[in-house]
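Q: Could you walk me through this structure, feature by feature? I would like to learn how to read each one.

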Amino acid sequence: MAERQEINKADFKNGFPIRDLRDGNMVLGQVDGEEIVLARRGDEFFAVGSHCTHYGGPLAEGLMVDDTVRCPWHHACFSLRTGEALRAPALDAIPCWRVETQGDRIFVREKLMPAAPKSVANGPRSIVIVGGGAAGLAAADMLRREGYDGPVTMVSADDSPPVDRPNLSKDYLAGKAQEDWIPLRPSDYYRDRRIDLLLHSRVSSLDTKKRQIVLENGRAIEFGALLLATGADPVHLPIQGATDSQLHYLRTLRDSNAIIAKAPSAKRVVVVGASFVGLEVAASLRARGVLVDVVAPESQPLEGVMGAEIGLFIRKLHEAHGVTFHLGETVSRVNGRTVTLSSGTALDADVLILGVGVRPSLTLAEQAGLTMDRGIKVNQFLETSVAGIFAAGDAVRWPDPHTGERIRVEHWVVAERQGQVAARNILGRGEKFDAVPFFWSQHYDVAINYVGHAEKWEAIEIDGSLDAGDCAVTYKKAGRTLAVATISRDLQSLQAEAAMEAEIRSHRQEVA
Ligand SMILES: Cc1cc2nc3c(=O)[nH]c(=O)nc-3n(C[C@H](O)[C@H](O)[C@H](O)COP(=O)(O)OP(=O)(O)OC[C@H]3O[C@@H](n4cnc5c(N)ncnc54)[C@H](O)[C@@H]3O)c2cc1C
Ligand code: FES
């Protein structure tokens with residue numbers, strides 16, 4: 001692990017002084033107008049593209065760990081040797097250039113060809129993925145990247161091909177991202193990669209002995225190996241007096257479009273629940289000029305997940321943007337436009353949006369008789385209790401080496417990374433899932449990054465200033481760091497992740 005070196009824009013075609021690039025450091029420059037990161041590991045030098053293929057994050061501001069570079073925005077990880085996107089959320093490689101040392105200078109030469117396609121000797125006869133979300137798409141993508149050539153079928157209950165779900169409550173809902181940015185892959189991707197994508201298709205049963213799934217329309221599909229990536233569904237709250245057209249939930253593109261359709265005529269919206277999604281919705285609707293009241297039972301938003309300090313910061317941030325909080329309150333009833341709270345307070349609202357959490361989507365796995373543990377129980381290779389049936393994403397509880405506990409989380413990056421590891425394991429790679437959990441959340445121009453996992457902690461340490469929106473908050477138990485949340489400290493977040501990874505590695509070595 002190393003620090004970031006001062007950024008400049010050297011022309012690497014003319015060479016760069018070796019002495020100016022210290023071991024473990026990176027420097028930004030260019031060749032023929034293309035921005036390049038030059039990195040040094042011992043006596044080896046690497047030249048790669050400077051923009052992350054997820055949302056274009058600046059890799060020169062990220063972190064080099066061994067022969068990888070990590071993106072500062074959402075922690076994608078790329079090989080410096082091949083450019084390969086080793087870990088989500090980036091799915092595509094960055095370009096690489098040949099480098100050459102001459103005397104005391106390092107020169108960047110021509111761009112290298114992408115790595116040759118891989119091939120699989122003994123893959124399953126066919127692979128079925130249930131779920132067209134983060135884990136499902138990342139798995140299908142990885143199967144083809146790893147060279148699996150057999151039939152891949154992805155069955156999704158959604159109407160749309162896999163989408164960038166986190167965007168549905170952020171820029172897309174705020175009207176700052178166009179609809180064509182939302183699909184994770186263009187439609188010809190599925191045809192070109194021979195991924196048979198069945199949309200609007202719900203799997204109603206799974207027969208683990210016959211090795212087949214049956215869709216609601218009666219169609220049976222056999223599989224050699226199966227991935228369950230069924231995700232989670234929003235918790236629905238019965239609200240007395242509310243009509244279906246007044247109540248909105250947010251999970252799918254269709255849900256987000258339904259809220260967007262109401263936004264121009266809605267003057268006031270009540271968001272029920274101060275969850276990440278609920279608060280992101282509040283921020284996006286404020287960007288559209290809608291007045292927002294947030295009603296939630298807790299005393300500070302996000303207090304249970306991030307502590308009272310960040311909770312207060314988030315609350316003040318939203319209040320500064322015109323959101324009104326009604327904390328320690330629930331909705332008692334709705335009558336027309338009047339929303340009455342538990343205290344008797346009456347609010348005026350055109351629409352209610354419920355962001356009160358999700359429940360893992362488990363029916364299929366339960367009915368098939370898979371072992372459950374408040375989620376689909378998987379081993380460290382993400383395989384369920386039935387050999388050849390794997391599971392990934394929001395629906396699974398896995399043995400997390402960082403906490404030493406079985407955990408289930410609802411994080412985009414974790415779901416994608418699990419999909420990738422499950423895909424490799426379906427092909428017999430025998431890879432343990434040991435990535436440190438990571439999520440981010442965006443509120444106006446403030447991004448919160450969180451690495452690790454802390455369901456309960458004994459102490460919180462704040463380095464920096466929450467008021468200034470520049471800090472790292474460390475969650476500790478028995479003196480050990482469980483998780484770190486950062487605001488405007490992307491490098492520190494990457495360093496915390498790398499330190500947790502190193503801790504897992506050294507623990508493994510001790511045990512061995
Ligand atoms: C609005 C929103 C914003 C979010 N923002 C963030 C964020 O900023 N950061 C973050 O880390 N996380 C965020 N999340 C959480 C993140 O999106 C989830 O953790 C992630 O999508 C989980 O991936 P998954 O593949 O497990 O499930 P999903 O992406 O939900 O996909 C599940 C898929 O399974 C399908 N399915 C379910 N049952 C069946 C069945 N029986 N038959 C066929 N198909 C079925 C569904 O139709 C769907 O296609 C957000 C979530 C939402 C809703
Ligand atoms: S922009 Fe690089 S991980 Fe998101």
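Q: Which residue in S3 is the bridge partner of Ala10?
A: This is a predicted model, so read each feature as part of a prediction. The partner of Ala10 in S3 is Gly29. Strand S1 and strand S3 (residues 26-31) pair in the parallel sense, over two bridges.

Q: Where does that pair sit in its sheet, and what is the strand order?
A: Read the order from edge to edge. The sheet is open, has seven strands and runs S1-S3-S4-S5-S10-S11-S2, with mixed pairing. Strand S1 (10-11) and strand S2 (16-17) are the edge strands, and each pairs on one side only.

Q: How many bridges join S3 to S4?
A: Six, and the two strands run antiparallel. Val31 has Glu34 in S4 as its bridge partner. S3 and S4 make a hairpin, with two residues between the strands.

Q: What should I check in such a turn?
A: Check phi. Most residues other than glycine have a negative phi, and most peptide bonds are trans. In the turn between S3 and S4, Asp32 has a positive phi of about 50°.

Q: What does the next hairpin, S4 and S5, have in its turn?
A: Two residues lie between the strands, and Gly42 in the turn has a positive phi of about 60°. Six bridges join S4 to strand S5 (residues 44-49), which run antiparallel. Arg40 stands opposite Phe45 in S5.

Q: How many residues separate the strands in the hairpin of S15 and S16?
A: Four, and Arg211 in this hairpin takes a positive phi near 55°. Four bridges join strand S15 (residues 203-207) to strand S16 (residues 212-215), in the antiparallel sense. One such pairing sets Leu206 against Ile213 in S16.

Q: Where else should I look at backbone angles?
A: Look in the loops as well. Leu302 has a positive phi near 60°. Leu302 lies in the loop between S22 and helix H6 (303-320). For omega, go to Ala88 and Pro89: a cis peptide bond joins them, with omega about 15°. Pro89 is in the loop between strand S9 (85-87) and strand S10 (96-102).

Q: Is the pairing in the five-strand sheet parallel or antiparallel?
A: Parallel; the sheet is open, with the order S20-S27-S21-S22-S23. Strand S20 (247-248) and strand S23 (324-327) are at the edges with a single partner strand each, so one side of each has no neighbour in the sheet. Four bridges join strand S22 (residues 291-296) to S23. Asp293 stands opposite Thr324 in S23.

Q: Which strands does H5 touch?
A: H5 packs on this sheet and touches strand S21 (268-272), S22, S23 and strand S27 (351-354). The direction of H5 makes about 165° with that of S22.

Q: How many residues surround ligand 1?
A: The shell has 33 residues, and Asp158, Lys170, Val203, Arg251 and Asp394 are the closest. By class, the shell divides into 14 nonpolar, 11 polar and eight charged residues. Helix H1 (134-145), helix H5 (276-287), helix H8 (412-426) and strand S33 (438-443) each supply at least two shell residues.

Q: Which polar atoms lie by the oxygen atoms of ligand 1?
A: Separate side chain from backbone. An N or O atom in the Arg165 side chain is 2.9 Å from an oxygen atom of ligand 1. A polar backbone atom of Trp412 is 3.0 Å from a ligand 1 oxygen. For a backbone N or O atom of His411, the distance to a ligand 1 oxygen is 3.2 Å. Now add area: ligand 1 taken alone exposes 990 Å², and the protein buries 95% of that.

Notes:
Residues are numbered from 1 along each chain as its sequence is written. Chains are lettered from A and ligands numbered from 1 in the order in which they are written. This is a predicted model: local features need pLDDT of at least 70, side-chain atom pairs count only at pLDDT 80 or more; totals for chains, interfaces and linings use all residues. Side-chain values use heavy atoms; hydrogens and water are left out. A residue is near a molecule or strand if one of its heavy atoms lies within 4 Å of it. A polar contact is a pair of N or O atoms within 3.5 Å; within protein, one must be able to donate a hydrogen and the other to accept it, and residues adjacent in sequence count only if both atoms are side-chain atoms. Accessible areas come from the Shrake-Rupley method with a 1.4 Å probe; for residues, only the protein chains shown count as cover. Ala, Val, Leu, Ile, Met, Phe, Trp, Tyr, Cys and Pro count as nonpolar, Asp, Glu, Lys and Arg as charged, and the others, Gly among them, as polar. Two strands pair if DSSP finds at least two bridges between them. Contact means heavy atoms within 4.5 Å. Axes are lines fitted to C-alpha atoms, for helices over the stretch in contact, and angles run from 0 to 180 degrees between N-to-C directions.
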